Amino acid sequence: MQKETPELSIEQEQLRTENAALRKKLSEIERKTATYEAAYRTFNMVAEATHVRGIWNNKPVLFEISLDFSERVLSDQTLRESEKRFRELTELLPLALFETDLKGIITYANKKSFDTFRHTPENQHLGISGFSFCIPQQREKALVIFEAVKHGNHVSKEFMAIRKDDSLFPAQIYTLPIIQSGLVIGARSLVVDLTELKKADKTLINNIPGAVYRTNDEGKTIMLSMISDFLQDYTKEEFENELFETGAMIHLEDRNALVAANQTLRSSNTSLALCFRIVMKNGSIRWLEDRKTSAFSQNGLFTGIDGILFDITERIMAQEEKHHLESNLRKTQRLETIGTLAGGIAHDFNNILTPILGYAEMGVFGLSKEEPLYDYFIEISQAAEHAKNLVAQILAFSKAQENTPDIVSVQKIVGEALKLLRPLIPSTITIEQHLDNFCPNILADPSQIHQVIVNLCTNAFQAMDESGGLLKIELTEIHPDAGMRKLLPKLHAESYVKLSISDTGTGMDETTMERIFEPFFTTKSVNKGTGLGLSVVHGIVTSFGGEIIVDSHKEKGTTFTAYLPVIKEETVKVAIQDIPAKGKGSILFVDDEPSVLKIMTMMITKLGFRIEAMSSPLQALEQFRQNPERYDIIITDLTMPEMTGIELAEKLHKSRPQLPVILMTGYGKDMEQTICLSQYGICKFLKKPVKQAELASIINGIISEKTPNLTYHENSCY
Ligand code: ADP
Ligand code: MG
């Protein structure tokens with residue numbers, strides 16, 4: 001064995017004594033027992049010796065078998081040391097750490113955990129349940145997690161932790177099993193206080209331009225942040241309750257979509273966005289956009305929904321308004337296209353009607369009543385007259401009809417129109433009038449306003465034909481506000497007369513409403529409707545700078561509202577000329593249409609005037625320049641291939657400024673009318689088809705004046 005060292009420590013001294021005792025015991029045993037065991041320790045080695053009696057060289061001896069187990073002792077020591085080191089380290093850790101047994105009873109807790117949970121070493125939490133560290137509502141959840149840990153899992157979960165003094169703090173708790181000899185003997189948990197982190201989160205959340213919310217697995221939801229005006233009259237709790245729990249404030253039509261979305265989120269880990277409406281206490285509707293995502297635990301359990309709500313009411317409103325404006329624009333463009341087309345057809349049609357009506361009239365004048373042909377001509381002129389009226393309506397729609405604006409009191413015209421209509425109205429229909437008698441005047445053609453009222457009322461009666469009902473006519477003055485001007489962008493005047501005609505009749509669906517202002521659009525049988533009524537109304541109202549809108553609900557009724565601009569100043573009234581006495585004179589007539597040329601020549605000749613008819617404006621100009629003083633009046637068509645009637649008038653006017661020109665057109669009115677044509681000497685418009693009496697009166701009117709240019713109205717285009 002080993003040499004003794006001169007200085008021995010207490011421990012070594014003790015070991016020596018122990019060993020001496022052992023040897024003594026051994027010599028005693030030697031004499032008594034056959035085998036024995038003894039463990040003895042040297043200074044550097046721990047050994048176990050077994051002594052066995054035996055025979056060696058024919059002598060009885062004692063065999064010693066020594067087993068060195070100093071390594072085992074060393075490893076036990078190392079373990080103890082590492083455990084000590086671990087404890088020391090744990091104590092240094094800036095995080096709360098505790099261990100529990102399999103029942104959850106705390107068996108170890110570091111110093112930081114005393115601080116974190118506000119325990120003092122006196123009331124230290126050894127021996128208490130680790131579950132008491134989380135709020136009672138979450139203990140069940142903690143138990144589930146503890147079970148998972150007992151099965152060897154590592155779990156990280158957020159809890160609301162509770163301190164000894166009952167104060168709360170959010171904590172992330174990491175728990176793992178303590179395993180000894182392959183068996184779980186307890187759990188070890190590390191607690192991270194999330195308070196500061198949450199504070200940082202909160203500032204971040206509060207900066208998000210939406211309302212952030214969190215729903216737990218049972219559907220309980222709290223709002224974590226709020227936009228200042230989000231709640232309106234609601235308290236936060238009311239809002240959470242009515243929006244997330246009961247869903248009472250969600251618009252009925254949107255509830256199903258929301259329920260379906262939540263179900264999707266519960267069943268799969270996904271995100272989605274949806275828009276829905278909420279109805280506020282005052283009945284107003286707000287649009288919300290809800291972006292949400294589901295949360296699942298590591299073991300696949302649904303844990304809740306995190307989401308953010310944006311108030312998108314303004315955006316939706318703007319979209320709706322844009323949509324409305326676009327739809328209005330489309331409708332207007334369609335009507336304008338149809339108007340141009342219809343105006344063109346009407347123009348050509350008037351060219352065709354001119355000879356028909358002209359020859360028929362001449363036939364009537366040329367025959368005595370007894371002759372059979374007389375009746376035929378009468379029939380032709382009546383039919384042509386009918387066609388002329390139809391064309392006039394189309395022209396009214398395409399705003400190409402001649403009108404005679406005047407200062408008009410709408411309430412007066414409503415009164416007159418109703419007087420006319422009343423006998424035609426069945427007794428099952430009640431008429432109610434709410435007319436503001438102080439409504440200001442408008443500038444319009446009274447006969448056209450009359451027509452607007454008659455057409456709208458006729459439609460209203462027809463819609464209530466079968467069931468009867470109430471016809472309401474309202475008239476007030478309004479000053480459009482910004483909102484209204486946005487919806488009806490063509491309303492530029494300061495104030496308008498608002499005329500509403502409403503019925504409680506059949507109403508219309510969206511598809512019908514889209515097309516009602518189109519000419520010839522009708523849903524009525526052949527003898528009841530032509531489909532021109534509303535197109536004429538539209539043409540008239542817009543030609544005076546007004547607007548007409550419709551609001552209709554199927555089986556409920558319809559309201560048409562026309563806005564007509566109020567005229568404040570007295571406008572120059574267009575004087576109506578008396579028909580002067582018959583006169584004689586020389587006329588240069590220009591029209592590219594041979595049939596018109598022919599009939600007009602006959603008519604003008606018949607009226608006693610000398611006429612030179614030319615189909616080419618260039619030739620006419622040539623002819624005129626040869627002797628400008630030869631003609632008393634020029635009558636020219638407006639639309640011709642070489643140059644327009646206006647251009648011709650301009651050129652003629654240069655040669656002879658005093659020369660009166662009559663402009664003849666298939667359009668009753670033309671765009672060029674907006675510029676003052678009197679500067680080219682154009683003093684009259686003549687509408688095709690021309691009637692003899694009208695022609696006579698106009699020509700005579702001009703010629704009878706001694707100085708024809710004095711008959712022009714300075715401010716008028718007529
Ligand atoms: P018409 O009356 O000859 O059919 P309109 O241009 O006056 O032509 O009207 C076009 C269509 O608009 C009608 O056929 C009808 O379908 C619809 N309509 C117009 N006014 C009303 C109303 N007050 N109630 C229900 N439908 C209406
Ligand atoms: Mg009608």
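This report describes the surroundings of ligand 1 and three backbone features in a predicted model.

**Ligand 1**

Around ligand 1 there are 20 residues, of which T522, T523, K524, G531 and L534 come nearest. Polar side-chain atoms of N459, T522 and K524 lie at short listed distances from oxygen atoms of the ligand, as the table sets out.

| Residue | Partner | Distance |
|---|---|---|
| N459, polar side-chain atom | oxygen atom of ligand 1 | 2.8 Å |
| T522, polar side-chain atom | oxygen atom of ligand 1 | 2.5 Å |
| K524, polar side-chain atom | oxygen atom of ligand 1 | 2.7 Å |

On its own, ligand 1 has 530 Å² of accessible area, and the protein covers 95% of that area. Two or more residues of the shell are given by each of α11 (446-463), α14 and β20 (557-565), and the largest share, 3 residues, comes from α11. By residue class, the shell around ligand 1 divides into 11 polar, 7 nonpolar and 2 charged residues.

**Backbone features**

Most residues other than glycine have a negative phi, and most peptide bonds are trans. F520, although it is not a glycine, has a positive phi of about 70 degrees; it lies in the loop between α13 (510-515) and α14 (533-543), and with a relative accessible area of 48% it is partly exposed. S181 is likewise not a glycine and has a positive phi of about 45 degrees; its place is in the loop between β7 (168-180) and β8 (183-193), where S181 counts as exposed because its relative accessibility is 76%, with exposed meaning over 50%.

The peptide bond from K688 to P689 is cis, with omega near -10 degrees, and P689 is found in the loop between β25 (682-687) and α18 (692-704).

Key. Residues are numbered from 1 along each chain as its sequence is written. Chains are lettered from A and ligands numbered from 1 in the order in which they are written. This is a predicted model: local features need pLDDT of at least 70, side-chain atom pairs count only at pLDDT 80 or more; totals for chains, interfaces and linings use all residues. Side-chain values use heavy atoms; hydrogens and water are left out. Helices (H or I, at least four residues) and strands (E, at least two) are DSSP runs, numbered from the N terminus. Buried means under 20% relative accessible area, exposed over 50%, partly exposed in between (1.4 Å probe, protein chains only). A residue is near a molecule or strand if one of its heavy atoms lies within 4 Å of it. A polar contact is a pair of N or O atoms within 3.5 Å; within protein, one must be able to donate a hydrogen and the other to accept it, and residues adjacent in sequence count only if both atoms are side-chain atoms. Accessible areas come from the Shrake-Rupley method with a 1.4 Å probe; for residues, only the protein chains shown count as cover. Ala, Val, Leu, Ile, Met, Phe, Trp, Tyr, Cys and Pro count as nonpolar, Asp, Glu, Lys and Arg as charged, and the others, Gly among them, as polar.
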